[in-house]
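Trainee: I've got a structure open and I'd like to talk through its aromatic rings and strands. Can you walk me through them?

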Amino acid sequence: MCPLHAPAGARTSPDDALAFYRRPLFDLAGEAFEARSERTDASVVTYLIDRNVNYSNVCNVGCAFCGFYRTRRQDDAYTLSFGEISAKLRELEAVGGTRVLMQGGVNPYLPFEWYLDLLAHLKRAHPTIRVEAFSPEEIKGMTKLTGMSPLEVLRELQVAGLDGLPGGGGEMLVDEVRHAAHVSPARISTDEWLSIMADAQRLGLYTTATMVIGFGESNAQRVQSLMRLRDAQDRALAEHGNGYSAFIAWTLQTKGVRIEGKAPGAGAFEYVQHVAVSRLVLDNIVNVQASWPTMGYKVAQTTLFAGANDFGSTMLEENVVSQAGARLRATPEREMVRQIVDAGFEPRQRDSLYNVIRTPDVEAMLAPPTPVPVAAPA
Ligand code: SF4
């Protein structure tokens, strides 16, 4: 059996899941921690050294929660050159990174060949870096550019060097929520998002699933979204064994973007509760990440006791949620390790496939700096 996926056992029904939201948080978290301990080493928390590259901020989808996108005519619209992207990957290589997460807007002015040439260039120039790029929304954009099906687009990208897809755009897999007037009427639909991910999985590409809470959705809609994901994972595992390797939830960031004042967002309590519910519902996805960029370190640490087994990644240069008010940007490895150790777990560096690749030297890494000697008074 693939080490990324646990066997499906007794299952949480939608009614059970809804009832979880009414449970005292500590009880719920304890149960989620138990479920996590059955599927992963309970003493270990993993992390990834990676970086984000946002290759272009030109986008024609116009999500109301997005502070990142620009129209082509805006002064600060950009598309990075291959040289600029390579320079960013050299920085990643210098700190022992293993994966680049590359996303942009849906830019109708970039020809499909640009993406193929970029992937070929990155594979040639940075053979040790896994390239996980282009969320389903961007893949859909490429189908419009080329007239090809998502499967054909993905196959060409894979041949050019694509290793996997980011889970971006999962948000809430309920069309009434994602297409609401205050959220994103033009957003890729739930069916399309799931179908593009299923195509990617069929080709053997790596995928993760993301979810955002705080649009004003009900708990029933959150459960509905989790159930859609669990069903999709069941199908992928039954069909070929390559499903979602991780689930990552975070809270809607609203600062300075059009959705501000129109959606309630979600606080720390709700976030920890939702991570626990997700762990209990998604019995077929092994890895659950804590989101330090949106929730801060302390809340992220708390989720390690509520079902999360991974502290995410260093995210050098994250630009999308950080431009809608996320609290933290880029964490050096040392800080990731400190947060994991302070919470009482053993840190392990992993690759993007969740293989442990290194045990950091915690003592050396967290040793206090040598004090500068103070000159004796004359
Ligand atoms: S979230 Fe993505 S698809 Fe939506 S506007 Fe921003 S860049 Fe475009």
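Trainee: Which residue lies over the face of Y354, and at what distance from the ring centre?

Mentor: Keep in mind that this is a predicted model. Y354 sits in the turn of the hairpin formed by β11 and β12, where it has a positive phi of about 70 degrees. The residue over its face is R350, at 3.8 Å from the ring centre.

Trainee: And what is the bridge partner of R350 in β12?

Mentor: Start with the strands: β11 and β12 (residues 356–358) pair in the antiparallel sense over two bridges. The hairpin has five residues between the two strands. Across in β12, R350 has as its bridge partner V356.

Trainee: Which residue in β11 does V45 stand opposite?

Mentor: β11 also runs parallel to strand β1 (residues 44–48), joined by five bridges. β11 is mostly covered too, with four of its five residues buried. Opposite V45 you'll find P347.

Trainee: Are the rings of F33 and F345 stacked, edge-to-face or tilted?

Mentor: This pair links distant parts of the chain, with F33 in helix α2 and F345 in the loop between α13 and β11, 312 residues apart. Planes under 30 degrees apart count as stacked and over 60 as edge-to-face. Here the centres are 6.5 Å apart and the planes are at 50 degrees, so the pair is tilted.

Trainee: Is F345 buried or exposed?

Mentor: Its partner F33 is partly exposed, with a relative accessible area of 24%. The cut-off for buried is under 20%. F345 has a relative accessible area of 7%, so F345 is buried.

Terms used. Residues are numbered from 1 along each chain as its sequence is written. This is a predicted model: local features need pLDDT of at least 70, side-chain atom pairs count only at pLDDT 80 or more; totals for chains, interfaces and linings use all residues. Side-chain values use heavy atoms; hydrogens and water are left out. Rings of Phe, Tyr and Trp (its six-membered ring) pair if their centres lie within 6.5 Å; planes under 30 degrees apart count as stacked, over 60 as edge-to-face and the rest as tilted. Buried means under 20% relative accessible area, exposed over 50%, partly exposed in between (1.4 Å probe, protein chains only). A charge sits over a ring if NZ of Lys or CZ of Arg is within 6 Å of the ring centre and within 35 degrees of the ring normal. Two strands pair if DSSP finds at least two bridges between them.
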